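Reader: I should like to learn how the features of a model such as this one are to be read. May we take them one at a time?

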Amino acid sequence: MTTTVTTAPARTRRLTGFQPTGQLHLGNLLGALRPLIAAQDTTESIALIADLHAMTMEHDPSSVRRLTLDQATVMLAAGVDPERTPIVVQSQIREHTELHYLLECVAAHGEAARMIQFKEKSAGGGPIRLSLLTYPVLMAADILLYDTTQVPVGEDQNQHLELARTLATRFNTRYGETFTVPEGVRPDSAARVMDLAEPTMKMGKSTGTGRIALLDPPEAIRRTIARAATDRAGLVRRDRENQPGVTNLIDILAELTGRQPADPTSYSALKREVTDAIEALLTPIRARHAELSANPDFVRGVLAAGAAKVRPIAAATVGRARSGIGLLD
Ligand code: AMP
């Protein structure tokens, strides 16, 4: 007698996280949101607003709350479809913190203390929150909670993803098969947007002055691009080492329009093209955001629905972890 074994196609689930430490910017849109939106037909994704992560440094409670709601609104305005991609606020799923603790019981102090981001962020002096040290373990919990198979990561998060993989494997070995071990992926369309004023640095929510927030008014955007750092070469060409500012502008233009700059010698023409392309991208997002902001209850409803959708997955994972590690039902 022959037995036919049919294997179900491997399920793909992606988790993309955003910290509500500032307004979402062009880097978040091109590097994370657009790839997420582009993959909505083919890949199951969860968009996580990681509000607990926004508290590892000095923070203002009312601004974390405001930014959490606003980031959700911007995600919807940019085209995240909550029917296909649940938008989830981390703190509204209590299992994140429960799993965080259980994972701390398989993580070593030295593993957390050697994280480059911890070393960098704690180097500035002043009191260091314990949560800054344990943040990568919470990030591991975020990822493992949802049986995530893929995590889009930039280079600066590679070390944290490696820790999540290490903790998942260690837990599985010690306490029985509990977690899916995730892979890091770099979505095809993900761009790395550099700061316009300091183009050797990544555009970030709190670093640099050359940032374009997605809700900046057109005049502010025009000014930021007009002031963008260039150089004295007078040639519009990609040369990341010697012309990082010009290269960044060319890359942004290519990402937005698929086009190369029309004039190979004029920085002001390049800046005009980039300004127009960004304006064309952001105008509809701004308009949709204004509509949605008039109805915060709708956005809160989307978050409640997102939480309801993923809660059973989180509860099942924590159930397995609790039972494996020796807790009573
Ligand atoms: P964060 O702003 O650090 O909360 O990151 C949210 C998401 O946006 C992550 O997937 C980051 O990798 C991505 N991201 C943040 N800044 C940039 C940037 N300048 N260029 C491309 N992607 C970025």
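Author: Let us begin with a loop. Asp 147 lies between helix H6 (130–145) and strand S4 (150–152), in the loop that joins them. Please keep in mind throughout that the model is predicted.

Reader: What is the phi of Asp 147 near?

Author: The general idea comes before the case. Most residues other than glycine have a negative phi. In Asp 147, phi is near 50 degrees, a positive value in a residue other than glycine.

Reader: Is Asp 147 buried or exposed?

Author: The cut-off for buried is under 20% relative accessible area. Asp 147 has 15% relative accessibility, so this residue counts as buried.

Reader: Where does Tyr 135 lie, and how should its accessibility be read?

Author: Tyr 135 has its place in helix H6. Its relative accessibility is 7%, and therefore Tyr 135 counts as buried. The C-alpha atoms of Tyr 135 and Val 151 are 17 Å apart, with these positions 16 residues apart along the chain counted as their separation.

Reader: For contrast, which class does Cys 105 fall into?

Author: Cys 105 is partly exposed, because its relative accessible area is 37%. This residue is found in the loop between helix H3 (95–104) and helix H4 (109–113). A separation of 40 Å lies between the C-alpha atoms of Cys 105 and Ala 77, which are 28 residues apart along the chain.

Reader: What can be said of Ala 307 in these terms?

Author: Ala 307 lies in helix H11. With a relative accessible area of 2%, Ala 307 is buried. From Ala 307 to Asp 297, 10 residues apart along the chain, the C-alpha separation is 15 Å.

Reader: I should now like to turn to nonpolar cores. Which residues of the largest nonpolar core touch the most other members?

Author: In soluble globular proteins, nonpolar side chains tend to be buried together. Here the largest nonpolar core has 47 residues, and those that touch the most other members are Leu 26, Leu 29, Met 75, Ile 87, Ile 278 and Leu 282. Among the elements that each supply at least two residues of this core are H1, strand S2 (44–49), helix H2 (61–78), strand S3 (87–89) and helix H9 (244–257). Helix H10 (267–293) is also one of them. The largest share of this core comes from H10, with nine residues.

Reader: Why does this core lie between domain 1 and domain 2?

Author: Both domain 1 (5–191 + 296–325) and domain 2 (218–292) give residues to this core, and it therefore lies between them.

Reader: Let us proceed to the ligand. Which residues around the ligand come nearest?

Author: The ligand has 14 residues around it, and the nearest are Gln 19, Asn 28, Val 193, Met 203 and Lys 205. The shell around the ligand divides into five nonpolar, six polar and three charged residues. Strand S1 (13–18) and helix H1 (26–38) each supply at least two residues of this shell, and H1 gives the largest share, four residues.

Reader: Which polar atoms of Gln 19, Met 203 and Lys 205 should I inspect against the ligand?

Author: For Gln 19, a polar backbone atom is 2.9 Å from an oxygen atom of the ligand. For Met 203, a backbone N or O atom lies 2.8 Å from a nitrogen atom of the ligand. For Lys 205, an N or O atom in the side chain is 2.6 Å from an oxygen atom of the ligand. On its own the ligand has 480 Å² of accessible area, of which the protein covers 82%.

Reader: Where in the chain does Met 203 lie, and is Met 203 buried or exposed?

Author: Met 203 lies in the loop between strand S5 (183–185) and H8. Its relative accessible area is 3%, so Met 203 is buried. Met 203 and Leu 26 are 177 residues apart in sequence, yet their C-alpha atoms are 8.0 Å apart in space.

Note on methods. Residues numbered from 1 in each chain as written. Predicted model: local features only at pLDDT ≥ 70, side-chain atom pairs only at ≥ 80, totals over all residues. Heavy atoms only, no water. Near = heavy atom within 4 Å. Polar contact = N/O pair within 3.5 Å; in protein donor to acceptor, adjacent residues only side chain to side chain. Areas by Shrake-Rupley, 256 points an atom, 1.4 Å probe, with all protein chains shown as cover. Nonpolar A, V, L, I, M, F, W, Y, C, P; charged D, E, K, R; others polar. Core = buried A, V, L, I, M, F, W, Y, C linked by side-chain atoms within 4.5 Å. Buried < 20%, exposed > 50% of the residue type's maximum accessible area, 1.4 Å probe, protein only. Domains from an automatic or database assignment.
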